[in-house]
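Here's a walk through one model, with the coordinates open beside you. Scroll along as you read.

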Amino acid sequence: MHDERRRIEERVQRAHDQRIKPAIYAATVPFEVEAWQAPGEPVSFEEAAAARYTPFAMDTPWGPPWGTTWFRMRGQVPAEWAGKRVEAVIDLGFVGDWPGNQAEALVHLPDGRPLKAVNPLNQYVPVANPATGGEQIDYLVEAASNPDILKDNFSKITPMGDKLTAGSAPLYTFQRADLAILDENVWHLDLDLQVLRELMVHLPDHEPRRHEILHALDRAMDALDLDDVAGSAAAVREVLAPVLAKPANASAHTISGVGHAHIDSAWLWPIRETKRKTSRTFSNVTSLADEYDDFIFACSQAQQYEWVRDNYPHVWARIQDSVKKGQWAPVGGMWVEADGNLPGGEAMARQLIHGKRFFIEHFGIETKGVWLPDSFGYTAAYPQLAKLAGNDWFLTQKISWNQTNKFPHHTFWWEGIDGTRIFTHFPPVDTYNARFSGEEMDRAVRNYSEKGGGRRSLAPFGWGDGGGGPTREIMERARRLADLEGSPKVVVEHPDDFFAQARAEYPDAPVWVGELYLELHRATYTSQARTKQGNRRSEHKLREAELWATTAALHAPGYSYPYEKLDRLWKTVLLHQFHDILPGSSIAWVHREAEAEYARVAEELEALTAEAVVALGAGGTRAFNTSPFDRAEVVRTGDRALAYIEVPANGSAALTGAEPARPVGVSGRTLDNGLVRVEVAEDGTLSSVFDLRAGREVLGDKGNLLRLHTDLPNYWDAWDIDSHYKNRYTDLLEPTSVEVVSEDPLLGAIRVTRAFGKGSTITQTITLRAGSPRIDFETDIDWHEAEKILKAAFPVDVRAAHSSAEIQFGHIQRPTHTNTSWEAARFEVSGHRWVHVGEPGYGVAVLNDSTYGHDVSRTVREDGGTTTTVRLSLVRAPRIPDPEADQGTHRFTYSLLPGASIEETVAEGYSLNLPLRVADAAGAPEPVVSVDGQGVTVEAVKLADDGSGDVVVRLYESGGGRASGVLRTGFPLAGARITDLLERPLETAPVEDGGVAVQLRPFQVLTLRLSRAGVS
């Protein structure tokens, strides 16, 4: 047989594109269109309906950046269309085919009910099927003219990321607003051809099935009347029916399709636009559910449901109806799809708590899995937290983006730092926006790593990132691929069903231990430093407010615990932990608003804490310690040292002062407090840090060396830092001044000022306090660089085989060598409040109060000693998608802690981030809880969310070993129960001698619910 593949394939392609597709709509009549440009921010339907509209013609430019234009569309179905399937077809002037980052619209009926959205891949609105003829159609269409931030594929700087800089020129030209007849035969023929042709081209040349389809397509084209596509479509489909009817192979891979619409809660659009995106996408999804009984849609992010509930009650009612029918599956159990590394431990717990509670409360459904496809790596704390929240499975996708190493599993058990395992799936289709194309189906089977062990994988289908969701075309593809020879089988089902079947067929799946590190997007640990600082401050201020509000509720008559306010503030912070806000990868508008929100949160939490402290009554000036560790340190207010004081964990002490063992001595550029001696060189670096307790030099080279690197990644400026950044740099070794600024016996300080680059300045106050070996670097930066990253290096004289970095409820160890490509790829990593390096008998920690990115490396000196260098990433200067990212002022503190054990490092990490609070006229109640025993660390103290008056305490083992102790209370204890994260009792905890005995395995998290005597 002659090889005619090229002729046939090209024949099919042309006939499809130029004849069949244009014939899908058989006849059209235009709408009569009027327009009204809403001033400023979006308005309600009621305001838009009452506005004055003016005539609007097709091919007219419309839509300033971030604007809203309302269109009134009126039309009548022609009488001769009776019996036909009639739709409205609207093209706002769409660019490309991505629904989420351009013009979008929501179509309303005259009474205000949202009907359906339109976007580039979903331009129709059902009108009648069948039509009776003569129907009067009246729509109000809310059209958003969002700019296409992606149009240059992240290669060009754009001012479009903020309404303050985007200008006002129209972005789009309206193309079409018609009533049309959908020719169902032609439409189905279009889909038949697409599915078969895509299947064919991805089958190997030697497969008979490929040639069978090829010649069937050729015969089908012979049956097609090019002058009467509609009239011949049914005959063409008959030719194709036999090849579409052939069943899949018995051993074919099974793909569980789950409808999905990834909606970033903010990214290339602000939060206000996401609120509208949810209404558009969810309107489309519920409309699709009415058309397809076999459709199932999985949707996460309780925050987005709440937006729809509060702003679009009609859409909310449709969602509730779809949930009852089993076509809508709430999943994920998180408030938002948060970043997988940066939220603190308690915040990550609250993500799960608030998300799961929302779905239980509003749908009576307890979600069973964590749905987190698009975050930039995943902390090793997740398995335990997911299980403690009642989850059985975990789903992610982003690891497919690894830059260096291919992740070895698709279905596996993921083991966290405490030993907890959770069944995890990583879809081999390598997208969470699948559409069941031939290329995707082929890739899913080729990629699947578990061949021979498992036989199924999951594919989230539907357009996403900016929403859009599944379309009827995707559902039709799924139906054709349900049982088709040469293709994997496709079944649309609930993700819980997929995970149950996958686990049953592959119970001995392989185990992955530790973090799921994404070998890409490493700069998200540093970009938009003020956003990250706002998150860190908010997390600690929430801890503080809850602790002292609980203390006041227990001890201050008349004080009322602020349940509603704390709940609302927590949700604000959780929202901003979304995986494109907290990582710093959003447009300028998003981060401008985030910084303002964090300022409001801080102000309100300060007021709540102050109110609680004042409610405790008179008693003189006191220092309040929100840390879970006893503290003996210098109390400061601003730059002034007040006293050296000892304060119990979670308690307070009068500001009378104690005597430190030795005051701070200042001589020249040397600070000495009897514990450590710090020498500052002429160039402003540390020339020596001598640990007087251990009798050893801490540094192996210049300490606190500030190095400015060129930072231009290959792609995605805000997201990425590539390893070549290390190759070009400038060391900041020419200070403007080095001067002593405090010789207080309680606090010695030397200030170093530098000017560099394009007008940037950095001022650092190097502070040593009496009674503490911790050296603080209080840093003020006025930053005006572009495409740079600033690092602070501490080369320490220890031979560390690994570094330990704090993560949620524990820490993770990473090798300091680069023996394999896996270690080498971790050239930039994340951590929370501290990084520790050490050798047997001696360790050094680097602490911080707001940064996350760092790197750790190791070299051998000429004298044979080893220098292990910890470098904090302080600030970056990406220009895409925010041209002004990180520009301006930054203020933060990081610290060097010589001679530190892990336990001491954990304590100092809390101390740096939770400075002592000084307040006047405060009482002195006992701490709400205290712990006898090392390693048992209190993470949260609050009243139970159900208003019962019970006290909830979250504990964890913080050192990486076993711990035991007794939890004692500052109130009469009636009983204790161990609960899950949602404060639901699991078992009774024994109370003995007025306390609760606690035994924890390494890094175990334990939630206790404590009943108070006399409270019912």
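## A four-stranded sheet

In what order do the four strands of the open sheet sit, and is the pairing parallel or antiparallel? The order is 48-51-55-54, and the pairing is antiparallel. Strand 48 (929-932) and strand 54 (991-992) are the edge strands, each pairing on one side only. Keep in mind that this is a predicted model.

Inside that sheet, strand 51 (residues 963-969) and strand 55 (residues 995-1000) are joined by six bridges, running antiparallel. If you want a spot to check the register, look at Arg968, which stands opposite Gly995 in strand 55.

## Strand 6, covered on both faces

Now jump back towards the start of the sequence. Strand 6 (residues 86-91) is mostly covered, with six of its six residues buried. Take the two faces in turn: Val86, Ala88 and Ile90 are buried on one side, and Glu87, Val89 and Asp91 are buried on the other.

What does strand 6 pair with? One partner is strand 9 (residues 124-128), which runs antiparallel to strand 6 and is joined to it by four bridges. Here Val86 faces Ala128 in strand 9. Strand 12 (residues 176-182) is also antiparallel to strand 6, with six bridges between the two. On that pairing, Asp91 has Arg176 as its bridge partner.

## Helix 6, largely enclosed

Helix 6 (residues 271-291) has 21 residues, so at 1.5 Å a residue it should span 30 Å; the end C-alpha atoms are 31 Å apart, which agrees. Of those 21 residues, 18 are buried, so the helix is largely enclosed by the rest of the structure.

There's also a network of salt bridges to trace, linking Glu41, Glu104, Glu142, Lys163, Arg272, Glu273, Arg276, Lys277 and Arg280.

## Salt bridges, one by one

The structure holds 91 salt bridges. One of them pairs Asp138 with Arg74, with the closest N and O atoms 3.6 Å apart. Asp138 is in strand 10 (residues 136-145) and Arg74 in strand 5 (residues 67-76), so this pair ties together parts 64 residues apart in sequence. Both ends are partly exposed: Asp138 has 27% relative accessibility, and Arg74 has a relative accessible area of 34%.

Next, try Glu983 and Lys942, whose side chains meet in a salt bridge at 2.7 Å, N to O. Glu983 sits in the loop between strand 52 (973-979) and strand 53 (985-989), while Lys942 belongs to strand 49, so parts 41 residues apart in sequence are tied together. Are these two residues buried or exposed? Glu983 is buried, with a relative accessible area of 4%, and Lys942 counts as buried at 3%.

## The largest cavity

Eight cavities of 30 Å³ or more turn up in a search of the whole structure. The largest holds about 240 Å³ of space. It has 22 lining residues, and the closest to its centre are Gly344, Gly345, Glu346, Arg833 and Glu939. Helix 9 (345-363), helix 14 (529-555), strand 39 (802-807) and strand 49 (936-943) each put at least two residues into this lining. By class, the lining has eight nonpolar, six polar and eight charged residues.

Glu346, one of those residues closest to the centre, also makes a salt bridge with Arg350, at 2.6 Å from N to O. The two are four residues apart in helix 9, so about one helical turn separates them. Residues three or four places apart in an α-helix point the same way, because there are 3.6 residues a turn. Both Arg350 and Glu346 are buried.

## Helix 14, again and again

The second largest cavity holds about 90 Å³ of space. Helix 14 gives the most to its lining, with four residues, and strand 46 (888-897) supplies at least two. Among the lining residues are Thr526, Ser850, Leu874 and Phe892. The lining divides into three nonpolar, five polar and three charged residues.

Finally, the largest pocket contains about 1,000 Å³ of space. Its lining has 34 residues, and Asp849, Thr893, Leu912, Pro915 and Leu916 are the closest to the centre. Helix 14 and strand 46 are among the elements that give two or more residues here, as are helix 18 (902-913) and strand 47 (917-919). The pocket lining has 17 charged residues, alongside eight nonpolar and nine polar.

Methods. Residues are numbered from 1 along each chain as its sequence is written. This is a predicted model: local features need pLDDT of at least 70, side-chain atom pairs count only at pLDDT 80 or more; totals for chains, interfaces and linings use all residues. Side-chain values use heavy atoms; hydrogens and water are left out. On a 1 Å grid over the protein atoms alone, a cavity is a set of points where a 1.4 Å probe fits but cannot get out, and a pocket is an open set with protein on both sides within 12 Å along at least five of seven lines; lining residues have an atom within 4 Å of a point. Grid points are joined across faces, edges and corners, and a volume is the space filled by probe spheres set on the points. Ala, Val, Leu, Ile, Met, Phe, Trp, Tyr, Cys and Pro count as nonpolar, Asp, Glu, Lys and Arg as charged, and the others, Gly among them, as polar. The expected span of a helix is 1.5 Å times one less than its number of residues. Buried means under 20% relative accessible area, exposed over 50%, partly exposed in between (1.4 Å probe, protein chains only). Two strands pair if DSSP finds at least two bridges between them. A salt bridge is a side-chain nitrogen of Lys or Arg within 4 Å of a carboxyl oxygen of Asp or Glu.
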